[in-house]
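This report describes a single protein chain for a reader working with computed structures. The sequence and coordinates are shown first.

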Amino acid sequence: MKKLLTIILSSIFYFAGFAQNHEANETKKDTTKLEEVVISTRRKLSNHRQEKTLSSIDEFLEKSNNITMIKRGNYAWEPAINNMVSDRLMVTIDGMQIFGACTDKMDPITSYVDVSNLEKVSIASGQSGTENGHCVGGGIDLKLPNSKFFNSGLKSSADLGFETNGNFFATGLDLEYSGNDFFISADGMFRNSDNYNAGGNEEVHFSQFQKYNISLQAGYKLSETHHMDTNIIYDRATDVGYPALPMDVSLAEALITSVTHYYRPEEKSLKSLETKLYFNTITHIMDDSNRPDVPIRMDMPGWSDTYGLYSKVDLLNNRHHYNFNLNGYYNRSLAEMTMFSNNPSEPDMFMLTWPDIRTFYTGVFAKDDWHISENKTLSTSIRLGYHSNRIADPVGVQSLQIFHPEIEDQQNRFLKSVTSNYSFKNDVFGFSFGVGYGERAPSVSEGYGFFLFNSFDNYDYIGNPNLKNEKALEANISYSRTFNKFKLGIESSYFYILDYIIGEIEPNVSSMTIGANGVRVYDALNNASIFDIYLNGSYKISDRLTANATVGYNYGIGSNEENLPLIRPLSYFAELNYNVSKFNAAIQLEGNGNQSKFSSFYGENETPAYAVLNLNLGNAFYGDYGKFFLKYGIENILDSNYSTFADWNNILRPGRNFYVNLSYVLP
């Protein structure tokens with residue numbers, strides 16, 4: 001098998017010339033964003049890397065260079081940008097703040113939407129991702145569809161999908177009515193999977209899940225320049241197994257609502273004014289009732305409610321394009337744990353793991369894209385914000401005072417962010433360089449978590465309300481050059497992070513979890529450094545045949561001379577794609593090198609190199625009764641048994657999988 005992989009890899013790289021797919025139909029770029037993944041192309045044959053029309057949002061995001069999806073199971077993967085996990089990111093839904101309700105990160109924000117809800121996903125690196133809030137690693141904004149005053153009447157479409165590995169089944173239905181002054185659209189998606197098998201037909205227990213998602217969008221045009229939209233998303237997942245964790249999830253439920261007013265004057269420097277009011281609520285319940293052998297049974301429910309608003313202004317003035325965003329939110333996060341005694345004569349134990357934390361934030365963002373000339377642009381942005389946490393439950397204050405006697409029930413912070421990026425681009429050459437500085441407040445878990453068990457390093461964690469703001473200096477550079485049919489590019493970023501928040505061992509405190517190695521209290525390293533570099537490009541062999549590939553290297557180390565955890569090793573991706581008007585086919589090879597710089601100090605172990613071969617194909621059929629889009633293929637053709645650095649506790653990835661997706665669109 002190794003010989004076969006070597007031959008295939010050599011052949012692909014011979015044609016690819018170290019390339020990567022940056023086709024216009026997949027992504028659109030500006031001077032500061034990494035990319036925008038256009039979800040609306042999911043029924044086109046040309047979305048090469050996004051091979052399945054019914055891919056989850058996690059699978060879409062995983063195709064990006066700078067994004068890693070951390071897997072604790074077959075569902076709800078946690079996104080990381082520039083090797084930084086969700087605590088250091090700003091993840092929003094159409095600019096709306098939303099916070100998970102799980103202390104174990106089993107419900108990232110991306111898990112509460114489906115591709116059927118979205119039009120595109122905007123991905124930005126570092127301080128370029130601060131349009132909607134403060135971050136260090138970058139931002140992801142899951143954008144809802146724009147208003148649809150098309151006067152096109154009633155439209156409908158349906159999707160069906162099946163995968164052999166895990167007997168995965170998905171189905172969706174869209175209905176839409178569009179008039180001159182009114183539109184309404186509704187969609188639903190259902191997904192269900194049994195346990196999947198790793199390579200060699202090895203069953204991965206507790207990897208099942210079931211989820212359905214329903215959304216409704218409606219709009220009314222008040223005048224030619226004013227209109228209003230309302231959006232409602234209801235997402236519910238049940239019976240979700242997490243093979244990498246000691247507990248599963250019986251319910252993960254979200255209700256996401258918003259009302260938006262748009263003002264778009266005609267032929268004026270004020271391009272648009274958008275104001276949104278929103279509310280979302282999340283309920284998340286962990287339990288271990290389906291696990292056959294546990295030392296003591298536990299229930300761990302969590303709740304998160306967020307109220308917010310923003311007002312965005314888009315202005316044009318000669319060569320300047322200005323964007324402003326005034327936003328604010330109020331969040332309540334509460335989580336608790338009940339440990340049920342095996343002895344009926346002993347009482348159950350109750351604990352607040354998030355002691356009713358109330359967070360208030362308000363801030364302003366300003367950005368200027370100065371188009372110096374046709375080929376040169378200087379983009380500069382700044383965000384300033386006020387952030388306040390308050391512990392609403394007195395028991396929570398008293399519990400944390402055991403470890404931090406001097407704390408008060410409220411912490412106020414002032415956060416700052418600034419970045420600037422210069423870019424030059426013509427028909428054959430592209431170059432950009434950027435620098436930035438940003439700060440973030442500790443997350444709820446980092447600041448106020450109480451005996452949160454981390455199965456990755458087998459320690460209980462306790463928050464620290466006295467943590468300083470985490471601060472980051474960053475620099476990024478990219479270069480691209482087109483040589484007739486061949487395009488070559490390189491991009492790199494470096495982050496120097498001060499007061500890097502991470503758990504430090506507290507030897508004088510006993511763990512609460514049976515079998516845990518001990519307790520870590522969140523503290524801060526003096527600094528940490530994270531670096532990445534990617535070489536990519538594309539080669540047009542003919543009008544029908546293209547080759548694409550990428551090679552990347554990442555590195556991360558702390559001031560204590562320990563490797564940082566969850567840093568991607570040497571990675572590569574290569575693809576040959578054949579495309580005609582109603583058919584396409586692509587063969588892909590992706591893999592990682594051996595993870596030699598793993599972090600045993602933070603519970604990580606070495607993961608070996610792997611390579612996976614995939615094949616995907618697609619057909620389109622057009623007729624009087626509508627359009628059919630058929631996507632089908634094989635993932636992990638060679639049935640490799642492997643785990644990656646991003647798989648929590650080395651859970652195995654799926655083995656060979658045959659899939660078929662069928663979409664039907666009414667004429």
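The sections below treat the overall fold and then a nonpolar patch on the surface.

## Overall dimensions

The model is predicted. Its chain comprises 4 helices and 34 strands. Along the principal axes, the C-alpha trace extends over about 75 × 60 × 50 Å.

The radius of gyration of the chain is 25 Å, which agrees with the value near 26 Å expected for a compact globule of 667 residues.

## Burial, contacts and surface

Of the 667 residues in the chain, 57% are buried. Among contacts with a separation of 6 or more, 66% are formed by residues 24 or more positions apart.

The exposed area of the chain is about 27,100 Å². Carbon and sulfur atoms contribute 57% of this area.

## The nonpolar patch

A nonpolar surface patch of about 950 Å² is formed by L154, Y177, F182, I184, L216, Y220, L222, M228, I232, L255 and V259. Four strands each contribute at least two residues to this patch: β11 (182-193), β14 (209-221), β15 (226-240) and β16 (248-263).

## L216 within the patch

L216 is one of the patch residues and is located in strand β14. Is this residue, L216, partly exposed or buried? Its relative accessible area is 36%. Buried residues fall under 20% and exposed residues over 50%, so L216 is classed as partly exposed. Patch membership requires over 30% relative accessible area, a cut-off that the 36% of L216 satisfies.

Notes: Residues are numbered from 1 along each chain as its sequence is written. This is a predicted model: local features need pLDDT of at least 70, side-chain atom pairs count only at pLDDT 80 or more; totals for chains, interfaces and linings use all residues. Side-chain values use heavy atoms; hydrogens and water are left out. Patches are made of residues with over 30% relative accessible area and no salt bridge: like charges are joined within 9 Å, nonpolar side chains (Val, Leu, Ile, Met, Phe, Trp, Tyr) within 5 Å. Accessible areas come from the Shrake-Rupley method with a 1.4 Å probe; for residues, only the protein chains shown count as cover. A salt bridge is a side-chain nitrogen of Lys or Arg within 4 Å of a carboxyl oxygen of Asp or Glu. Buried means under 20% relative accessible area, exposed over 50%, partly exposed in between (1.4 Å probe, protein chains only). The radius of gyration is taken over C-alpha atoms; the globule rule is 2.2 Å times the number of residues to the power 0.38. Contact means heavy atoms within 4.5 Å.
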